[in-house]
Protein chains: 2
Amino acid sequence: MTEADAVLAANLEFYRAFTARDAVAMERLWARRRPVACTHPGWAPLLDREAVIESWRNILANADSPTVACHDEEVFLYGEVAIVICEEDLPGNVLTATNVFAREDGAWRMVHHQSGPVFQRRAETRRPPPGRLN
Amino acid sequence: MTEADAVLAANLEFYRAFTARDAVAMERLWARRRPVACTHPGWAPLLDREAVIESWRNILANADSPTVACHDEEVFLYGEVAIVICEEDLPGNVLTATNVFAREDGAWRMVHHQSGPVFQRRAETRRPPPGRLN
C-alpha cells in the first residue's frame, strides 16, 4: 500500500464513520497528541479536540444528520502530513472538503476538516481544452 | 521569531497581497515544488499550481474583488507543515479560512487555501463557561 493509498483509506474511514454514525470510530480517527481543529459547513471553527469530538458526537447522534458520499478524492503528500481534497455529496447538496491528516503512532490520523458549499462546479471552472479556438 | 510567528507572518502576507492586489507577491507566496491546491468560496477546488495562480491573477485584476481583513488567527504546527485557521471579514460577509503552509527553501510557503461562509458565529457555538448552571 502506498502512502497515498493509506491516506485515502483514512479518508474513507472518516466518511464510513460519518455515514454509519459510528462515534467510536470517528473519535479514534482524530489525532490525540497533535493539535486538531474542525470547521463544519457554516460553523465557526472548533479549535481543540474536546470541542471537535463533542461536535461529532452530537452530529452522529442526530437522526436528521444526512448521509455523505465522498468522491473525486485528490491526495497531497507533505511528508508527515497529507491533505485530501474531495467532494461530499449530501441529499440535494454538494460540498467540497479539505481533510488534513498527520502521522501519529504509525497511522494517519485526522487533524483538520473544513467543508463548505460548492456553487460553481468543476466543469464550469475549467478552461477550454488546448487547441480550442476562443 | 518563533515558528508560529513566522507562519503568522506568511499568513498576513497572503492577506496583504490580496488586499493590495499584488499578484507578484501572491505568486511568490505559493510553494513551487510542493503540490498546491485552492478552494475559493463556492468554487470547486483548483488542484494544481497553474490553475491556482491563474485564479489569483484573475481575482486580483478584477476591480470588483473585495478587500479582506483577517483576524482571530490560530496556528497549528506539524513540523514542516502548519495550518492557520482565521476569520476573513469582507464587506457585508464573514468567511472562515483554512490556510496550509509548508517549509520550502527555509520559508513558509502556502500550499492550500479553503475559505467558506460562516452562518453560525463562534459565540453561538461555544458552551457556557465552567460553573454556569444550565
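**A first look at chains A and B**

Let me start with contacts inside chain A. Take the contacts with a separation of 6 or more: 44% of them join residues 24 or more positions apart. One caution before I go on. This is a predicted model.

Now the layout. Chain A has four helices and six strands. What order do they come in, from the N terminus on? Two helices open the chain, then two strands. A helix follows, then four strands in a row, and a helix ends the run.

Next, burial. Chain A has 134 residues, and 35% of them count as buried.

On to the core. The largest nonpolar core holds 62 residues. Which of them touch the most other members? Ala82(A) and Ala82(B) do. Look at Ala82(B). Leaving out residues up to four places away in sequence, Ala82(B) touches Val7(B), Val75(B), Phe76(B), Leu77(B), Phe101(B) and Trp108(B).

Last, the interface. Here 33 residues of chain B are in contact with 33 residues of chain A. Which parts of chain B supply that side? Strands 1 to 6 of chain B each give at least two residues, and so does helix 4 (122-125). Among those strands are strand 3 (69-78), strand 4 (81-90) and strand 5 (93-104). The largest share comes from strand 6 of chain B, with eight residues. And the classes? On the side of chain B that touches chain A, 18 residues are nonpolar, ten are polar and five are charged.

Notes. Residues are numbered from 1 along each chain as its sequence is written. Chains are lettered from A and ligands numbered from 1 in the order in which they are written. This is a predicted model: local features need pLDDT of at least 70, side-chain atom pairs count only at pLDDT 80 or more; totals for chains, interfaces and linings use all residues. A residue is buried if 20 or more other C-beta atoms lie within 10 Å of its own, exposed if 12 or fewer, and partly exposed in between; C-beta atoms are placed from the backbone. Two residues are in contact if their C-beta atoms, placed from the backbone, lie within 7 Å. A nonpolar core is a set of buried Ala, Val, Leu, Ile, Met, Phe, Trp, Tyr and Cys residues joined through C-beta atoms within 7 Å. Ala, Val, Leu, Ile, Met, Phe, Trp, Tyr, Cys and Pro count as nonpolar, Asp, Glu, Lys and Arg as charged, and the others, Gly among them, as polar.
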